[in-house]
Amino acid sequence: MATFEAKLLVVSDTPHQPAGFKFPRREIGKQHRSFQPIWFSKWKWLHYSESDDKVFCHTCVKAVRDFKRSSKNAEEAFLTRGYNNWMAATDAFRKHESSDCHAQSVEKLYTLPSTTKDIGETLSTLHAQEKLQNRQCLLKVFSALRFLSRQCCAIRGDADENDCNFVQLLKLCGESDIKLQEWMIKGRDKYLCHEAQNEMLKIMALKVLKDIGLCLHKSPFYTIMADETTDKTNKEQVTLVLRWMDDSNFEVHEEFIGLYEVESITSDSIVSVVKDTLIRLNLSLSKARGQCYDGASNMSGIRNGVATQLCKEEPRAVYTHCYGHALNLAVSDAIKGSKVMKSCLDTAYEITKLIKYSPRREAIFHALKNELSPSTCGIRVLCPTRWTVRAESLASILSNYSVLRATWDDCIAVCRDTELVARINGVSSQMNKFDFLFGLELAETVLRISDNLSKTLQHKEYSAAEGQEISSLTVKTLESIRNESSFDMLWDKIELRRQALEVDPPVIGRKRKEPQRYCSATTYPGDHFESAKHSYRQQYFEAIDLAIHCIRSRFEQPGYEVYKNLEQLITKAVTQNSFDYELKYVLNSTETM
């Protein structure tokens, strides 16, 4: 057997019986024959190896694996070598099922454990009743631990082991269950200690993973989603999620598989984690039809990235850059490319830090807000890493503009730290300038559109092709405001706000002479605008153009195009329209991966 399939057979507790798999045909005798899926329903113990096109007896292999019996007197065809003579398969299956080898395996694995009783239970009925009560109490312990874990509550909390959340929850359950109270009074500490808790959590986690694996087996295909990060203890962690669709109701599922600690986040380490997880879930890599990671070199590198390595083994596992991450990078590039928006967001981040990271300043702010503008919302923290959740934060600064300026005056009056006073003076000075107000309005307009796109892309029901179409609609929305009338509306809005807030009027920048090497007889030797409005008009159009270009460049990827043409291929096939172009594109893309 191939290494991957061999591991599946050794690790799996259930036989591998692929549904919807196209079994290969080969010449046996004078006809071409193949394995028949109906045999799975007649002989439940059949385990099929896709890489070798052979079947094994899962019961016999499991009995040998669990040391229930030795490999002597065993049929090698169904235990080690594999059987693939499909012409005489049914006779061979009947013969093996009635053989002594198979009968002994069934007896050791299933018959004896179900019919044999504990010697203490046989000798004492009282012992059997006590054991039953202990099991019921232990199930209550499992239920309490499951409840705390499900609700993300601390098992111990700040108290000691005798007064922790876990013990208190059991005592609460004991108020309606006298047997549980008596069981706890007897001192069952070995079932309540942290070692037992960890073991119970592990048992429940494995059960959840087993149920997820059974659901994944019903789906013919799945997608691998992974990301890496460093936790608070400075250890590298890899997050793994599998996405699949239920054929019965076409419902999309995204199952979180787990966090895996790795020594490094190299592509080889992450590939090992992915393959090991698939083996534990009894999933074949041949069913993978998609990969979704971030754009880091270890994940998407064209030579040795995770996506490239897995595509070499399964070319149909198409890689796509994560929508959310791609949009975040696009917005980041657009903001950093616009001087007025970058400067504005730097100041806005400083404002949120001054308010939110000081209880005293936040108390001053809320007191003034209740007096000057009680109907507005408070200040929202500007996330330092996620660029697609900043519109609300900028809008909160705009709605509390006058309150913030009054807050700075009160804070300076009571503050004695010269460095902090300098920071507050700097922010206050920026808020008095038209540049900051214009940048705030412009950034809020652009980020509001990108934030809406980000929220839409987070729905798991959307396909890759739909996500690309939604990004195209966002680009069209940005293009619709790239005109003179939209700029005039924004300018008038800012002017009204400026006059109401008594912000400094806009000024024309100092006339700068163009370097001599760029001058010619036909060009104007300087760069100067007729008015301040013309200067800010140029910045407005540059910011919109940057946002459009960045979103387009980040979302125009080969993987997106493959999914788009594949979706159109299925749609046209169902509606009986011509799909030659889409089919050719998908086939060519798969061959070149």
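A cavity is here a set of grid points where a 1.4 Å probe fits but cannot get out. With that in mind, a search of the whole structure, which is a predicted model, finds 1 cavity of 30 Å³ or more. About 60 Å³ of space lies in this largest cavity. Its lining is made up of A330, V331, A334, V446, I449, S450, T474, L478, A547 and I551. Four helices are worth locating on the structure here: α15 (323–337), α21 (434–457), α22 (464–480) and α24 (532–555) are the elements that each give two or more residues to the lining.

Attention turns next to the β-sheet. Five strands form an open sheet in the order β7-β6-β5-β8-β9, and the pairing is mixed. The edges are taken by β7 (252–262) and β9, each of which pairs on one side only. On average, neighbouring strands of this sheet are turned by 20 degrees against each other, direction ignored.

It is helpful to walk through the sheet strand by strand, beginning at β7. This strand and β6 are antiparallel partners, with 10 bridges between them, and L242 stands opposite E255 of β7. The hairpin that β6 and β7 form has 6 residues between the strands, and in this hairpin F250 adopts a positive phi near 55 degrees. On the other side of β6 (residues 236–245) comes β5 (residues 222–230), again antiparallel to β6 and joined to it by 8 bridges. One of the facing pairs is E228 with V238, the latter belonging to β6.

The sense of pairing then changes to parallel: β5 and β8 run parallel and are joined by 4 bridges. Here Y222 stands opposite A288 of β8. The pairing of β8 with β9 is likewise in the parallel sense, over 4 bridges, and C292 has T320 of β9 as its bridge partner. Of the 6 residues of β8, 5 are buried, so this strand is largely enclosed by the rest of the structure.

Helices also meet the sheet. Helix α12 (residues 267–280) lies across β5, β6 and β7 and runs at about 45 degrees to β6. Helix α14 packs on the sheet as well, touching β5, β8 (288–293) and β9, and its direction makes about 175 degrees with that of β8.

Just after α14, a single residue deserves a closer look. E314 sits in the loop between α14 (306–313) and β9 (318–321). Is this loop residue buried or exposed? Its relative accessible area is 5%, and because buried means under 20%, E314 counts as buried. The side chain of E314 makes a polar contact with the side chain of R316, at 2.8 Å. Not counting residues up to four places away in sequence, E314 touches L285, S286, A288 and R289. Among these contacts, A288 is also the residue that Y222 stands opposite in the pairing of β5 with β8.

A second buried polar residue is found elsewhere in the chain, this time in a helix. N565 belongs to α25 (residues 558–574). With a relative accessibility of 4%, N565 is buried too. Which residues does N565 contact, leaving aside its neighbours within four places in sequence? The contacts are with Y581, E582, Y585 and V586.

Notes
Residues numbered from 1 in each chain as written. Predicted model: local features only at pLDDT ≥ 70, side-chain atom pairs only at ≥ 80, totals over all residues. Heavy atoms only, no water. Buried < 20%, exposed > 50% of the residue type's maximum accessible area, 1.4 Å probe, protein only. Polar contact = N/O pair within 3.5 Å; in protein donor to acceptor, adjacent residues only side chain to side chain. Contact = heavy atoms within 4.5 Å. Pairing = 2+ DSSP bridges. Axes fitted to C-alpha atoms, helices over the stretch in contact; angles between N-to-C directions. 1 Å grid on protein atoms, 1.4 Å probe; cavity = no way out; pocket = protein on both sides within 12 Å on 5 of 7 lines; lining within 4 Å. Points joined across faces, edges and corners; volume = space filled by probe spheres on them.
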